Amino acid sequence: MKRIVILGAGTAGTMMANKLRNSLDREEWDITIVDQFKTHYYQPGFLFIPFGIYNKQDVIKPKSDFIPAGVKMIYSKIDKIEAEANKVVLDGGQVLNYDFLIVATGTKTVPSETPGLQDKLWYKEIFDFYTVEGAMALQNFFKGWEGGKLVMAITELPYKCPVAPLEFVFLADAYFTEKGIRDRVDITYVTPMPGAFTKPIATKMLSELLAEKNIKVVPDFYIERVDNDNKKLISYDENEIDFDVLTVVPVNMGDEMIERSGLGDDMNFVPTNKHTLQSVAHENIFVLGDAANIPTSKAGSVAHFAAEILFENLMSAIEGRPLQAMFDGHANCYIETGHGKGALIDFNYDTEPLPGTFPLPGIGPFGLLKNTKINHYGKVMFRWIYWHILLKGKEMPIEPHMTMAGKKKVN
Amino acid sequence: MAEKNLAGKTVEVTEEGYLVNTGDWSKEIAAEMAKEDGIELTDKHYEVLDYLRKEQAAGATLTIRKVGKSGITDIKGLYQLFPGGPLKLSSKYAGIPKPASCV
């Protein structure tokens with residue numbers, strides 16, 4: 001019996017478990033998936049919690065609902081990977097030997113990396129919305145808040161779902177407008193990047209939208225620490241920003257187990273071939289989703305597209321053929337912009353987000369880099385698609401590689 | 001793309017002044033670029049530039065945090081060496097492409 005071990009039963013690991021079990025002979029291949037937590041979170045839904053659009057029960061289901069029969073699920077922390085010996089050691093000492101390993105342990109927020117973040121104002125006037133606890137605490141805070149300076153700040157790149165903090169300020173604008181106190185809420189978006197987004201055409205579209213909604217942008221602000229007493233953000237070059245309530249994207253890092261295993265870079269992400277998704281150091285280790293150091297968005301859509309490529313390459317590796325499927329860094333992100341509208345971007349390693357229609361050229365129904373109602377419905381419908389189609393590894397009517405069909409070139 | 005005369009050599013640069021060909025780089029070119037921004041390069045600056053060139057050649061994604069952990073200087077020190085935009089300026093003087101933040 002040959003063995004595949006998958007570490008992490010989040011979006012990426014769960015998709016892979018389903019795809020592999022559907023294709024590999026049960027008499028020949030044993031598949032095991034390991035995760036310390038029993039709850040699967042629909043992470044795109046966290047964004048809606050602070051504004052009372054979703055609650056906790058809207059974003060959680062048991063992980064076991066999505067692991068197919070014939071895959072062994074182990075709930076345990078992972079001590080380390082011993083790559084040279086082709087084995088994984090779990091907490092408590094259980095050993096899992098493998099022929100192939102898929103690392104899908106994701107990324108997590110590490111607020112302790114920023115001095116003053118997890119201090120006396122944490123979850124009182126300083127929040128994150130990348131955890132269900134942070135998002136719920138913020139929902140409670142906003143219910144009673146009467147206005148002041150709301151600052152949305154990004155501490156470090158890369159971080160999970162690069163458009164989420166933008167969506168957060170758009171939704172905050174809509175939420176406080178509907179509450180009738182928008183004139184008393186000052187919204188500022190603070191980023192270490194030179195603009196609202198990294199790519200020029202999307203930055204232009206998003207900057208115009210931010211200006212239209214009276215949201216200030218402070219670019220090139222790299223946070224050193226948070227001053228709790230004076231409620232200020234302080235940058236490395238000693239600039240300051242005042243806040244009454246701070247929502248923050250903490251530093252993102254890969255799992256500590258990766259560090260213990262000696263397999264990570266300085267942020268605990270695994271050096272990975274950005275085209276084949278094979279680990280740089282070991283031929284029988286593949287990396288899927290946020291755990292990899294590949295230069296694309298850390299997002300479920302990327303993991304989904306990459307899963308198809310990884311699957312093909314793993315099949316080749318099993319049969320001793322060269323790896324021929326090449327990932328292009330394809331990402332596809334809905335951007336909620338508030339008041340029942342949304343925008344959509346579709347891009348890869350080489351092509352920045354462009355205007356156009358998606359997925360059908362000239363027809364849509366979704367508009368790329370356009371702010372429309374139908375894009376918002378796309379995001380709303382996506383939760384159903386996520387639970388029922390995507391996690392189960394079923395076919396979606398979208399190719400893994402980005403296509404230029406339907407996109408307009410912009411000079 | 002444009003051509004520019006730096007330290008007695010004509011080199012290709014991007015609109016933002018980054019070298020198009022990393023191979024064109026020399027210590028003198030770095031010094032002249034920095035001088036245009038009002039920065040006098042010291043040994044410490046060159047240590048950072050060497051580190052960046054080495055890491056970039058190895059295919060690493062460069063971040064301020066990474067340079068801050070390099071042992072050459074910390075993040076605060078990096079801001080003092082390259083005021084305003086530590087990674088953008090140091091990459092320019094190191095003759096490597098403008099750092100592309102991940103999206």
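**Exercise 1. Find where A:N268 lies and decide whether A:N268 is buried or exposed.**

Solution. Begin with the surroundings: A:N268 has 23 other C-beta atoms within 10 Å and is therefore buried, where a residue is called buried if 20 or more other C-beta atoms lie within 10 Å of its own, exposed if 12 or fewer, and partly exposed in between, with C-beta atoms placed from the backbone. Next, locate the residue, which is found in the loop between helix 5 (256-260) and strand 20 (285-287) of chain A; helices (H or I, at least four residues) and strands (E, at least two) are DSSP runs, numbered from the N terminus. Finally, look at the backbone, where phi of A:N268 is near 65 degrees, a positive value in a residue other than glycine.

The model is predicted, so that local features need pLDDT of at least 70 and side-chain atom pairs count only at pLDDT 80 or more, while totals for chains, interfaces and linings use all residues. Residues are numbered from 1 along each chain as its sequence is written, and chains are lettered from A and ligands numbered from 1 in the order in which they are written.

**Exercise 2. Describe the setting of A:K231, which has a positive phi although it is not a glycine.**

Solution. The phi of A:K231 is about 50 degrees, and the residue lies in the loop between strand 15 (223-227) and strand 16 (232-235) of chain A. Counting its surroundings gives 19 other C-beta atoms within 10 Å, and A:K231 is therefore partly exposed.

**Exercise 3. Locate the cis peptide bond from A:L157 to A:P158 and the one that joins A:G364 and A:P365.**

Solution. For the bond from A:L157 to A:P158, omega is near -10 degrees, and A:P158 lies in the loop between strand 12 and helix 3 (164-179) of chain A. For the bond between A:G364 and A:P365, omega is about 15 degrees, and A:P365 is found in strand 24 (residues 364-368) of chain A.

**Exercise 4. Work out the order of the open sheet of 5 strands in chain A, and say which strands stand at its edges.**

Solution. The order is 11-18-12-13-14, and the pairing is parallel; two strands pair if DSSP finds at least two bridges between them. Strand 11 (126-127) and strand 14 (215-218) of chain A stand at the edges with a single partner strand each, so one side of each is left without a neighbour in the sheet.

Now follow the pairs one by one. Strand 11 and strand 18 of chain A pair over 2 bridges, with A:L246 as the bridge partner of A:I126. Strand 12 (residues 148-154) and strand 18 of chain A pair over 5 bridges, and here A:V151 stands opposite A:L246. Strand 13 (residues 185-190) and strand 14 of chain A pair over 4 bridges, with A:T188 opposite A:K216.

**Exercise 5. Which residues of strand 18 of chain A are buried on each of its faces?**

Solution. In strand 18 (residues 245-249) of chain A, 5 of its 5 residues are buried. In a regular strand the side chains alternate between the two faces of the sheet. One side of strand 18 holds A:V245, A:T247 and A:V249, while A:L246 and A:V248 are on the other.

**Exercise 6. Identify the residues with the most contacts inside the largest nonpolar core.**

Solution. These residues are A:M16, A:I102, A:L288 and A:A306, in a core of 136 residues; a nonpolar core is a set of buried Ala, Val, Leu, Ile, Met, Phe, Trp, Tyr and Cys residues joined through C-beta atoms within 7 Å. Helix 6 (residues 300-318) of chain A gives the largest share of this core, 9 residues. Taking A:M16 and leaving aside its neighbours within four places in sequence, the residues in contact with A:M16 are A:I6, A:I102, A:A104, A:L288 and A:A307, where contact requires that C-beta atoms, placed from the backbone, lie within 7 Å.

**Exercise 7. Describe the domain assignment of chain A and the contact between domain 1 and domain 3.**

Solution. The assignment gives domain 1 (2-106 + 255-318), domain 2 (111-251) and domain 3 (331-390), with bounds that come from an automatic or database domain assignment. Taken over C-alpha atoms, the centres of domain 1 and domain 3 of chain A are separated by 26 Å. The contact takes 13 residues from domain 1 and 9 residues from domain 3, and helix 6 of chain A supplies the largest share of the domain 1 side, 3 residues.

Methods
Two residues are in contact if their C-beta atoms, placed from the backbone, lie within 7 Å.
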